[in-house]
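Work through the exercises below with the sequence and the model side by side. Try each task before you read its solution.

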Amino acid sequence: MGKHFLYAWMLWALFPLCLHAGGSCLSVIHLASERNIVRVDSMFNYLLLPVQDTAPEGMLSVVSGSNHAVSPVFRVRLARDRVDYYVPFPLSGYKACGCLSIDVQGVPSSSVCWASLQLSDSFAVAREEMFRPVYHHTPLYGWMNDPNGLFYKDGVWHLYFQHNPYGSTWGNMTWGHSISADLAHWAFQGDVLHPDAWGAVFSGSVVVDEKNTAGFGAGAVVAFYTSALPTPWGDVQAQSMAYSLDDGKTFVKFAHNPVLTSGKRDFRDPKVFWYEPGKHWVMVLAGGQEMDIYSSMNLRDWKHESSFGIMQGAHGGVWECPDLFELPVEGSKEKKWVLVCNINPGGPFGGSATQYFVGSFDGKAFVNESPVGVKWMDYGKDHYAAVTFSHAPDGRTVLLAWMSNWQYQAVLPTLQYRGANTIARDLSLYEADGDYFLRCVPVPEMREARTDTVQVAPFRVDGKRELLGLLKGNDGACEIELVMEKKDASKISVTLCNQRGESTVLCCDIAHAQWTVDRSQSGMTGFSPDFPAVTAAPLADTPQICVRLFMDRSSLEVFCDGGKSVMTNRIFPSEPYDRLVFESLHGAFDVCSLAVHQLK
């Protein structure tokens, strides 16, 4: 299937199902110097904007009221030559204005967008786009990167995320909002924090202020985020605050933003939590090549306590999206603190990745106590901006990551949306060889998402064994549980493939205590030279190899050795994988257990 045919097919599937609003107020006036005025009837819910991903950005702002008040400027790649997809511009906030004017700059009058503008009371999103995941969180439309402000309250998991509502490329950073009751099925709630005079809304975190330390009310949901303002002299980043009195549905921005400033150019991604021994709040910030730690009694006034990072870990790129939390050590009464540091570039296989440190924290300073230089949370190409949920129940530490890589995120072969999250993972620590390491396992809620299960009887592999049609009917989405006995084999491979010859290969090199995932022939890979890759992780020295493999339409997450090593990789096969091939490259091995679970 050719690239242009795929794009055409996806566009047809995603085209908004609405008619042009005949007789309504929808007109365009073209002025000089690529400036235009669009007049629309604000009694409709949406103005549907036609977007072309490769077009230059145009600048749009709403002019409303008798005093001609102008809304903040947002940027949209309005279609010049073709329409790739539509995004909805909400008009609900302007219903009292009647016929509304929108100032559009930087878009030629010859562009096809002008004849394609539409007014509608609804916006149809076809979730059947061929690479749209079945059970991973994605935005309904537009661009998504970092997960933000994760928290749990009253039975609901809240996920905010970096969102561009006006296109599937980066820009117009707002906080989108999705909720879940089970960490496996997510419902989009709209956008809650929008750019303002202090800049775009970058990443951050959310806490529940149960003691009313900030004065917004007991139980107020308080968000911290980076206000990012580009200027002709360079970017300016500062920390701002907003609060919610309706459990995170809507927010009011703090009147005295920003609450924390710095002379650093890279100064972002605040993670805030309550430190019970000291009875104060802690904020961890990414400040270039280090993490800055602040304390506060009231969430408004912050004091710098320490910095961490010099001569620690990997420094191949900028440090971002920090997290700091305490975890129990398995099999003991001991607890240790874990500092998460996402880095881009500088990952083990290029681009983005997540490193972590294990040590102690006294409420003011973190000390790395590990003799190992760098520890990676995930050895795949597509695990970044990993952060945990605040206030998770039952003492759990639950983590979610952005499932992509900055090397190629902007050119992934999706249209109306671009960006996905990993499945949620429970974290714990285990001790090995005098050191401490993270164990990342799929949350137990993923077992509850299973529907039909196919159980395969044990079999021996001495050479090659192909199981045809085993994955058929899963729509490219399933969980595979696999236990293999090494026996006398020194290298084992498990291949997921389809009839087109596209394949992703999991290979366990027992002799060298390493396992790899090869996606170089996985399907569509030509959109970026950085995408074809073989990623590798350590393999435990045990008699059995235990694997849980989560496959979705465009991703593969492999948990090996009970979550001691994990690899997350995006894949884009032109049709779902429908078969499994087992091969012993040296010696023989037994497949002791094999189950395929369909996930709803």
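Five exercises follow, each with a worked solution.

The model is predicted: local features need pLDDT of at least 70, side-chain atom pairs count only at pLDDT 80 or more, and totals for chains, interfaces and linings use all residues. Residues are numbered from 1 along each chain as its sequence is written, and side-chain values use heavy atoms, with hydrogens and water left out.

**Exercise 1. The open sheet**

Find the strand order of the open sheet of 6 strands, then name the strands at its edges.

Step 1. Know the terms. Strands are DSSP runs of E with at least two residues, numbered from the N terminus. Two strands pair if DSSP finds at least two bridges between them.

Step 2. Read the order. It is E34-E43-E36-E37-E38-E39, and the pairing is antiparallel.

Step 3. Look at the ends. Strands E34 (464-468) and E39 (534-538) each have a single partner strand, so one side of each has no neighbour in the sheet.

Step 4. Zoom in on one pair. Strand E38 (residues 514-518) pairs with E39 over 5 bridges, in the antiparallel sense. Asp 518 has Val 534 in E39 as its bridge partner.

**Exercise 2. Strand E3**

Decide how enclosed strand E3 (residues 46-51) is, and trace its bridges to E9 and E7.

Step 1. Fix the scale. Buried means under 20% relative accessible area, exposed over 50%, and partly exposed in between (1.4 Å probe, protein chains only).

Step 2. Apply it. In E3, 5 of the 6 residues are buried, so the strand is largely enclosed by the rest of the structure.

Step 3. Follow the bridges. E3 joins strand E9 (residues 118-120) by 3 bridges, running antiparallel. Here Leu 47 stands opposite Leu 119. E3 also joins strand E7 (residues 85-90) by 6 bridges, again antiparallel. Here Val 51 stands opposite Tyr 85.

**Exercise 3. A ring pair**

Classify the pair formed by Phe 273 and Trp 337.

Step 1. Use the rule. Rings of Phe, Tyr and Trp (its six-membered ring) pair if their centres lie within 6.5 Å; planes under 30 degrees apart are stacked, over 60 edge-to-face, and the rest tilted. The structure holds 37 aromatic pairs.

Step 2. Check the values. The two centres are 6.0 Å apart and the planes are at 35 degrees, so the pair is tilted.

Step 3. Place the rings. Phe 273 is in strand E18 (residues 268-275) and Trp 337 in strand E23 (residues 335-344), so the pair ties together parts 64 residues apart in sequence.

Step 4. Check burial. Phe 273 is buried at 12% relative accessibility, and Trp 337 is buried at 11%.

**Exercise 4. Arg 450**

Find the side chains that make polar contacts with the side chain of Arg 450.

Step 1. Recall the test. A polar contact is a pair of N or O atoms within 3.5 Å; within protein, one must be able to donate a hydrogen and the other to accept it, and residues adjacent in sequence count only if both atoms are side-chain atoms.

Step 2. Locate Arg 450. It lies in strand E32 (residues 450-456).

Step 3. List the partners. Its side chain meets that of Glu 479 at 2.9 Å and that of Glu 481 at 3.4 Å.

**Exercise 5. Asn 421**

Is Asn 421 buried or exposed, and what does its side chain reach?

Step 1. Locate Asn 421. It is in the loop between strand E29 (417-418) and strand E30 (425-432).

Step 2. Judge burial. Its relative accessibility is 0%, so Asn 421 counts as buried.

Step 3. Trace the side chain. It makes a polar contact with the side chain of His 137 at 2.8 Å. It also reaches the backbone oxygen of Ala 401 at 3.1 Å.

Key:
Helices (H or I, at least four residues) and strands (E, at least two) are DSSP runs, numbered from the N terminus.
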